[in-house]
Amino acid sequence: MAPPASPTLRSSDSAPASLDTSHVSAHGPQPAETTPPSPMAESPPEDHTDTHAYMVFSVAGKLLYTSYDGEETWAYTQASVMHAMLSLFDEHEALQRISLAHMHITFLQPKPLYVACLSTQATPDAIVQARLERLYAAILSLMSRARLQRLLARAPNLDLQALIGPMKAYLDCVVHDMHASPALALGTVPVRALDASLRDQLAQACLQMEARPPQPLYVLLYDQEALLALAHPKRHAPYASDLALVNALVRVCGDHDTWAPLCLPALAPDGFVYVYASRVGRVRVALVCGDPDGYVACRAWRHALATSACMARVPSALSTPTLTAEAMGLFGLRDVVFSSRRTRQCILSSHIPARRRAWMEHVLCALRGASPRPAPPELQRQPPVPVPLELVIERTEHEAMLGWRTPVFELCISTSPLLASSAIGELANKVVAWIRQNDQRLFATPATF
């Protein structure tokens, strides 16, 4: 017997994508729609620190980092117990997960380190693995893979916490960002909506400075964690994971001019670049270059940027609110997450509640064919469309969530639970059309040199 027809999805680079909902009715075939064991139903705490703890320790059992802010003895005890369990397996086996009644422990084992997540909240495996990989990348960014391997090969019992030192705040910022935004689940860079002409002027101003230091790699302007403008070499587009690490470093540096070596694991895991971080009014500035003696030139570049005409327009431009459902003027819409798979950039509604962010991550995993873990047996059923899915709708009594994935974009919208499936599909079409109409204002076109 042939499977029931699924909603038709169309997308195009030249025209807005269209979701065909004409045959989605009360009596016709429906998209993959469930009442999931979602984070919304479980009502987890708003603060991720109550539900997740991250630990990094060496193959010798030496604790390198923990995100747990409570009693130190607890963290050392947990690290020792996990190290003992991992030691029971040889090099041809790997312990990936331990699931208990009220605790899930997931491991990443990039020797010579172990990275672990202890969580009281059910989270898709793909999301947990992405978070562990991001934390491992942050560790490498401080000492590089080659240096880490040399140190532990020479002295397996070396106390690596002393090497981290004051940069623990940087690792804490990376962990916070992993939970504060769906950008990690999307594998993209969040972008701040900005007038297109002003964004272009900012990017060009970054390029036309006579004082620009030698060997520049990236020029980045941020409003908090959201990207404002970007410039990079013509033949080298930056990796989203590397930009997330640079952004965390810039924010940890505060208002002071900072010059710091940083390893970018996706670009070159065995080497270092140099990051100049500063602030011009509300805008956070980062210049990444390969010159270890480029600090003076970077300061001169920052001064020239601060006195440029376009920077004077930025405060008023940033005073307007970021992307909101109200600004889009679409009835029934609550929050939007949209990712461009071509540019690897995303736009997010401002102030998405933590429960809703977690649910969006579940929906994104469902679209990619990964099921949330663990799910009650009565809810483990095959959706009526093949996986990975193109469209999924999930509901609770308080809210409905639509996820839509095409070769061009990924979209999650949160709506009123009172809307029918066909109405939610029409709302998704309107969201995509609105985003396409405002494409130049919402996304950052990089300047190249």
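Helices here are DSSP runs of at least four residues, and they are numbered from the N terminus. Keep that in mind for names such as α13, the helix of residues 354-367 that holds Arg 357. Welcome to the tour; the model in your viewer is a predicted one.

**The whole chain**

Start with everything shown as a cartoon. You should find 15 helices and 20 strands. Of the chain's 449 residues, 53% count as buried. Now think about which parts of the sequence meet. Among contacts between residues at least 6 apart in sequence, 67% join residues at least 24 apart.

**Stop 1: Arg 357**

Select Arg 357 in helix α13. Is Arg 357 buried or exposed? Its relative accessibility is 16%, and buried means under 20%, so Arg 357 counts as buried. Next, add Pro 182 to the selection. Pro 182 is 175 residues away from Arg 357 along the chain, yet 6.3 Å separates their C-alpha atoms. Leaving aside neighbours within four places in sequence, which residues are in contact with Arg 357? They are His 179, Ala 180, Ser 181, Pro 182 and Ile 352.

**Stop 2: helix α6**

From His 179 you can step straight into α6, which runs over residues 168-180. This helix has 13 residues and spans 18 Å from its first C-alpha to its last, close to the 18 Å expected. Colour its buried residues: Tyr 170, Leu 171, Cys 173, Val 174, Val 175, Met 178 and His 179.

**Stop 3: the largest pocket**

Switch on a surface and look for the largest pocket, which holds about 850 Å³ of space. To find its centre, select Ser 181, Pro 190, Glu 225, Ala 226 and Leu 348, the closest to the centre of the 39 lining residues. Ser 181 may be familiar, as one of the contacts of Arg 357.

Which elements each supply at least two residues of the lining? Show these in turn:

- α6, the helix from the previous stop, and α7 (183-186)
- the strands β9 (189-190), β10 (216-223) and β16 (345-348)
- α9 (240-252), which gives the largest share of the lining, seven residues

Then colour the lining by class: 22 residues are nonpolar, nine are polar and eight are charged.

**Stop 4: Ala 231**

Move on to strand β11, residues 226-232, and pick out Ala 231. Its relative accessible area is 1%, so Ala 231 is buried. Measure from its C-alpha to that of Tyr 218 in your viewer: the two residues are 13 apart along the chain, and the separation is 5.8 Å. Beyond its neighbours within four places in sequence, Ala 231 is in contact with Leu 207, Leu 217, Tyr 218, Val 219, Ala 447 and Phe 449.

**Stop 5: a cluster of rings**

Show the side chains of Trp 259, Tyr 274, Tyr 276 and Tyr 295. Ring pairs link these four into a cluster. The count of aromatic pairs comes to eight.

**Stop 6: backbone features**

Most residues other than glycine have a negative phi, and most peptide bonds are trans. The next three selections depart from that pattern.

First, go to the loop between β7 (104-108) and β8 (113-119), where Pro 112 is found. The peptide bond from Lys 111 to Pro 112 is cis, with omega near 15°.

Second, select Ser 144, in the loop between α3 (125-143) and α4 (145-154). Phi of Ser 144 is positive, near 70°. Ser 144 counts as buried because its relative accessibility is 2%.

Third, try His 351, in the loop between β16 and α13. Its phi is also positive, at about 60°. Is His 351 buried or exposed? With 77% relative accessibility, His 351 counts as exposed.

**Stop 7: His 398**

Finish in the loop between β17 (391-395) and β18 (400-405), where His 398 is found. At 53% relative accessibility, His 398 counts as exposed, because exposed means over 50%. Add Ser 416, 18 residues away along the chain, and you will find the C-alpha atoms of the two separated by 7.3 Å. Leaving aside neighbours within four places in sequence, which residues are in contact with His 398? Select Arg 334 and Pro 417 to see them.

Notes. Residues numbered from 1 in each chain as written. Predicted model: local features only at pLDDT ≥ 70, side-chain atom pairs only at ≥ 80, totals over all residues. Heavy atoms only, no water. Expected span 1.5 Å × (residues − 1). Buried < 20%, exposed > 50% of the residue type's maximum accessible area, 1.4 Å probe, protein only. 1 Å grid on protein atoms, 1.4 Å probe; cavity = no way out; pocket = protein on both sides within 12 Å on 5 of 7 lines; lining within 4 Å. Points joined across faces, edges and corners; volume = space filled by probe spheres on them. Nonpolar A, V, L, I, M, F, W, Y, C, P; charged D, E, K, R; others polar. Contact = heavy atoms within 4.5 Å. Phe/Tyr/Trp six-rings, centres within 6.5 Å; stacked < 30°, edge-to-face > 60°.
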